[in-house]
Amino acid sequence: MDYQKEVETFRSKLQEAREKFNHWTGDELRQLTQDLALTSSKLLQDSLEEKKDHEDGLNDLRHKCQVSKRALNEHIAKLQELKTELKRLNEESDERLKEHRFVEQDLLSVGEDISREKQLLSAQEKAISEKLTELERAAAMFQDRLGLKFKKTSGGRLQVVFTCVDDKDPDARFYFYVQINQGKYIVSGCEPLVDNFEALVKKLNSTNNFRSFVIAVRKAFKATIKS
């Protein structure tokens, strides 16, 4: 009896379960399926849009990367140009510095040469001054006694004129020209020409005694009259 009751209860529950299953597999299942289809479609659409957004973002990022890469390459090329220009400027600077040092050395050498030239010129001027002083002294001594006169001529020469040499013709003029070049006596234009004139000039430059030279030349002029 209890067994029969339990069987009836089981059958009742089974029937209830079947009714629920049939109900579940009916309208609610279709609604659930539709809902799932819509949800899946929505999710798929969202996924596709999200994928497209990702692809667009990725393409934009790739484009930006390409632009950045080109800009970077341009910067690298510009930097290389600047490095090359800097190297050239440094080389030019070094070359200019070398040239400047060479110029300084040349200027120093020229300055030393000028200093030596000044010293030499000063010594020559001193020698010329001494010789001129000797000439002036000789002129002062001989002018009245020996009829000796000095006359400046063109070319920086000094004409030395003797009178009172020929007793028969006191006004007769005997002369020669003298100039000083680099501390040396240059004597020329002797009239009349006397013997051993070159030897007298050589002795003049070795002794630097113009007074003795004038006396010797006057004696030589005298000798030409007697001969």
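Which residues of the largest nonpolar core touch the most other members? Keep that question in mind as you move around this predicted model.

**Start with the whole chain.** Colour by secondary structure and you should find 3 helices and 4 strands. Followed from the N terminus, the elements run α-β-β-β-β-α-α. Switch to a surface view next: the accessible surface comes to about 18,200 Å², and carbon and sulfur atoms account for 53% of it. Of the 227 residues, 17% are buried.

**Now select the core.** Show Phe162, Phe176, Val178, Val187, Phe210, Phe213 and Phe221 as sticks. Here is the reply to the opening question: among the 24 residues of the largest nonpolar core, these seven touch the most other members. The elements giving two or more residues to this core are S2, S3, strand S4 (184-191), helix H2 (197-207) and H3. H3 is the biggest giver, with 6 residues. As background, nonpolar side chains in soluble globular proteins tend to be buried together.

**Centre on Val187.** Setting aside neighbours within four places in sequence, Val187 is in contact with Phe176, Tyr177, Val178, Phe197, Val201, Leu204 and Phe213.

**Pick out the rings.** The whole structure holds 8 aromatic pairs. Select Phe162 and Phe176 to see one of them: the pair is tilted, 6.1 Å centre to centre, with 40 degrees between the planes. Phe162 sits in strand S2 (residues 158-162) and Phe176 in strand S3 (residues 174-181), so this pair ties together parts that are 14 residues apart in sequence. Phe162 counts as buried because its relative accessibility is 0%, and Phe176, also at 0%, counts as buried too.

**Move to Phe210 and Phe213.** Their ring centres are 6.1 Å apart and their planes meet at 35 degrees, so this pair is tilted as well. Both residues lie in helix H3 (residues 210-226), 3 residues apart, which is about one turn of the helix. Both are buried.

**Widen the selection.** Add Phe174, Tyr185, Phe197 and Phe221 to the four rings you have just visited. Ring pairs link Phe162, Phe174, Phe176, Tyr185, Phe197, Phe210, Phe213 and Phe221 into a cluster.

**One last stop.** What lies over the face of Tyr177? Select Arg157 and look down on the ring: Arg157 lies over its face, at 4.1 Å from the ring centre.

How values were computed
Residues are numbered from 1 along each chain as its sequence is written. This is a predicted model: local features need pLDDT of at least 70, side-chain atom pairs count only at pLDDT 80 or more; totals for chains, interfaces and linings use all residues. Side-chain values use heavy atoms; hydrogens and water are left out. Rings of Phe, Tyr and Trp (its six-membered ring) pair if their centres lie within 6.5 Å; planes under 30 degrees apart count as stacked, over 60 as edge-to-face and the rest as tilted. Buried means under 20% relative accessible area, exposed over 50%, partly exposed in between (1.4 Å probe, protein chains only). A charge sits over a ring if NZ of Lys or CZ of Arg is within 6 Å of the ring centre and within 35 degrees of the ring normal. Accessible areas come from the Shrake-Rupley method with a 1.4 Å probe; for residues, only the protein chains shown count as cover. A nonpolar core is a set of buried Ala, Val, Leu, Ile, Met, Phe, Trp, Tyr and Cys residues joined through side-chain atoms within 4.5 Å. Contact means heavy atoms within 4.5 Å.
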